[in-house]
Amino acid sequence: MDLQDRRIGIEALAVHLPRNYLDLGVLARANGTDPEKYYFGLGCRRMAIPSADEDSVVLAARAAGTLLAGYGIEASSIGMVLVGTESGVDAAKPIATYVHRMAGLPSDCRAFDVQHACYGGMAALRTAANWVQSGLGRGRKALVIATDVARYDVGSPGEPTQGAAAVAMLVGDEPRVLELLPYPEAVHTAEVMDFWRPTYRSTALADGHYSMQCYLDALESCWHRFASATDLGLEAFDFLLYHSPFPKMAFKAHRRLCELAPGGTARGGADLDWERRVLPTLWANIEVGNAYSASLFVSLAGLLEHAEVDAAGARLGLFSYGSGSCAEFVAARVGPDAAAWRDRTGLRAALERRRELTHEAYLRSRRAYEERARDGSFRAALGGDGPAFCGTWNHQRVYRDSAWRAATGPSRSLDRPPRSAGPVAAPLPHRAQAAD
Ligand code: HMG
């Protein structure tokens with residue numbers, strides 16, 4: 001078979017989330033804001049809050065650990081590890097090197113981070129897929145991880161759009177989860193100052209309303225490129241996944257694409273179309289918040305884990321936007337055994353395990369997170385069952401191997417995915433549910 005004819009994409013996928021969350025109603029009341037603004041104005045319900053020992057390295061390692069150990073993937077079968085992130089912990093040393101060591105990957109394995117705001121995860125996936133396609137890896141697979149902690153200042157407009165997650169993906173030529181369809185690229189780059197985080201800050205800054213305009217401009221440009229290169233319309237897709245800094249943004253994005261379509265391609269009206277083709281991809285984002293580079297892949301995991309949707313064989317349109325900016329529209333197809341991924345990505349289990357924080361505990365958690373990253377503190381002992389990220393000493397971050405080990409569980413086979421134990425109610429964002 002010609003190399004170009006190979007089917008390439010995601011073979012397996014695992015999600016890791018922080019163990020705590022904050023309800024947006026609690027945040028709204030503490031900020032003196034109407035909760036309806038966060039629940040319905042932005043479409044958010046809860047956001048993941050990382051504890052002091054859950055930085056982007058630990059989230060990445062745990063997602064990768066669940067993926068590799070959970071599915072019995074041999075370390076020697078991995079020839080590349082790429083991490084898409086914009087919340088890296090070091091300006092020089094990549095997260096990929098920590099993951100490489102903890103996973104026991106071979107030394108003839110390329111490892112690097114890919115940074116372009118929220119586009120980093122898609123950029124890493126595309127780079128890995130091209131590498132597999134090229135044949136240079138001699139049949140080996142790539143480990144791609146999108147990991148991020150989204151943080152804004154307390155009291156800033158961005159505060160209700162925080163969150164965190166990591167999604168680890170095995171990329172190869174047996175794309176059981178998602179095949180990337182070989183259409184011409186549809187990308188858009190423009191230097192804009194819509195969202196940024198200078199290296200001396202741990203929280204991001206945004207020109208919020210301008211960033212939404214930049215996002216929509218990039219979407220329009222990518223869509224025009226995709227549609228003119230392929231002759232496909234919006235109706236070619238069963239589901240549309242938009243980068244979701246907050247779910248209302250995905251709503252605005254879908255409305256924009258429907259407006260652009262000649263004669264309108266919304267199936268049964270724009271609102272109904274949104275409920276059918278976009279909302280099923282967003283229920284987990286509503287719970288997690290913005291996870292920057294990982295957000296789009298949280299949507300993908302959410303679709304696979306949706307209790308009432310069997311996405312097997314579905315055609316997906318994925319829109320990735322990274323501030324700064326670079327964006328891409330990608331067409332893909334879900335593998336034939338999608339239903340078998342229910343309860344298997346780790347997403348639903350992680351959501352069910354989470355604990356709610358009070359507003360005071362959220363503020364304490366933020367302070368502890370900052371404190372532990374400060375050099376010279378070395379907050380936690382290395383022995384026993386201590387935290388995964390122990391602190392910093394001599395300008396070096398110290399991780400216990402438990403950052404990896406805690407993620408490993410009973411091995412599952414990739415060839416025969418277990419059947420779902422049964423549907424679990426999907427928390428679709430109905431007004432009545434979010435209001436309580
Ligand atoms: P804001 O300015 O405080 O909010 O912050 P607003 O006044 O625009 O209100 C938001 C919505 O709530 C509006 O809905 C209001 O009408 C509604 P819309 O008109 O847009 O449909 N509203 C209410 N609804 C019900 N009851 C009420 C009520 N009050 C108001 N009582 C903003 C919003 C997004 C600007 C802010 O959260 C922010 O700065 N976020 C960070 C930047 C961001 O997320 N940008 C998104 C596009 S850029 C992107 O996606 C990239 C990114 O992920 C980073 C990366 O690439 O790495 C951010």
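**Entry 1. Largest cavity**

I sorted the lining of the largest cavity by class and got six nonpolar, three polar and two charged residues. The model I am reading is a predicted one. I then listed the lining by name: Ala48, Ile49, Pro50, Val149, Ala150, Arg151, Gln162, Gly163, Tyr362, Ser365 and Arg366. Strand 3 (46–49), strand 6 (141–150) and helix 12 (359–373) are the elements that give two or more residues to this lining. Which element has the largest share? I found that helix 12 does, with three residues. For the volume of the largest cavity I noted about 70 Å³. I counted five cavities of 30 Å³ or more.

**Entry 2. Largest pocket**

I turned next to the open space. The largest pocket holds about 1,200 Å³. Its lining runs to 44 residues, and nearest the centre I find Ser87, Gly88, Val89, Asp90 and Arg197. By class I noted 19 nonpolar, 13 polar and 12 charged residues in the lining of this pocket. I looked up which elements supply at least two residues of the lining: strand 5 (110–114), strand 6, strand 10 (195–196), helix 12, strand 16 (389–393) and strand 17 (396–399). Helix 12 gives the most, with three residues. I note that helix 12 is on the list for the pocket, and that helix 12 is on the list for the largest cavity. Strand 6 is likewise listed for the pocket and for the cavity.

**Entry 3. Helix 3 and helix 4**

I moved on to helix packing. Two packed helices are described by the angle between their axes and the distance between the axes. For helix 3 (residues 56–70) and helix 4 (residues 95–102) I have axes that come within 10 Å and cross at roughly 40°. Why do I call helix 3 oblique to helix 4? I do so because angles under 35 degrees count as roughly parallel and 65 to 115 as roughly perpendicular, with the rest oblique apart from those over 145. The crossing of helix 3 and helix 4 is right-handed. On the helix 3 side I listed Ser56, Val57, Ala60, Ala61 and Ala64, which meet Ile95, Tyr98, Val99 and Met102 in helix 4. By class I recorded eight nonpolar residues, one polar and no charged residues in this contact.

**Entry 4. Helix 6 and helix 7**

Helix 6 (residues 208–230) packs on helix 7 at an angle of about 40°, and I have their axes 10 Å apart. I therefore entered helix 6 as oblique to helix 7. This crossing is right-handed. From helix 6 I listed Met212, Gln213, Tyr215, Leu216, Leu219, Glu220, Trp223 and His224; their partners in helix 7 are Met249, Lys252, Ala253, Arg256, Leu257 and Leu260. The class count for the contact of helix 6 with helix 7 is nine nonpolar, two polar and three charged.

**Entry 5. Helix 7 and helix 8**

I followed helix 7 (residues 247–260) to its contact with helix 8 (residues 270–277), where the axes come within 10 Å and cross at roughly 125°. I therefore entered helix 7 as oblique to helix 8. Which hand does the crossing of helix 7 past helix 8 have? I noted right-handed. Here helix 7 uses Pro247, Ala250, Phe251, His254 and Cys258, which meet Asp271, Asp273, Trp274 and Arg277 in helix 8. I recorded five nonpolar, one polar and three charged residues for the contact of helix 7 with helix 8.

**Entry 6. Backbone**

Last, I checked the backbone. Most residues other than glycine have a negative phi, and most peptide bonds are trans. Where does serine 325 sit? I placed serine 325 in the loop between strand 13 (315–322) and strand 14 (326–334). The peptide bond from glycine 324 to serine 325 is cis, and I have its omega near 10°. I also flagged aspartate 343, which is not a glycine but has a positive phi of about 65°. Aspartate 343 is in the loop between strand 14 and helix 11 (347–353).

Note on methods. Residues are numbered from 1 along each chain as its sequence is written. This is a predicted model: local features need pLDDT of at least 70, side-chain atom pairs count only at pLDDT 80 or more; totals for chains, interfaces and linings use all residues. Side-chain values use heavy atoms; hydrogens and water are left out. Axes are lines fitted to C-alpha atoms, for helices over the stretch in contact, and angles run from 0 to 180 degrees between N-to-C directions. Helices (H or I, at least four residues) and strands (E, at least two) are DSSP runs, numbered from the N terminus. A crossing is left-handed if the near helix is turned anticlockwise from the far one by less than a right angle, and right-handed if clockwise. Contact means heavy atoms within 4.5 Å. Ala, Val, Leu, Ile, Met, Phe, Trp, Tyr, Cys and Pro count as nonpolar, Asp, Glu, Lys and Arg as charged, and the others, Gly among them, as polar. On a 1 Å grid over the protein atoms alone, a cavity is a set of points where a 1.4 Å probe fits but cannot get out, and a pocket is an open set with protein on both sides within 12 Å along at least five of seven lines; lining residues have an atom within 4 Å of a point. Grid points are joined across faces, edges and corners, and a volume is the space filled by probe spheres set on the points.
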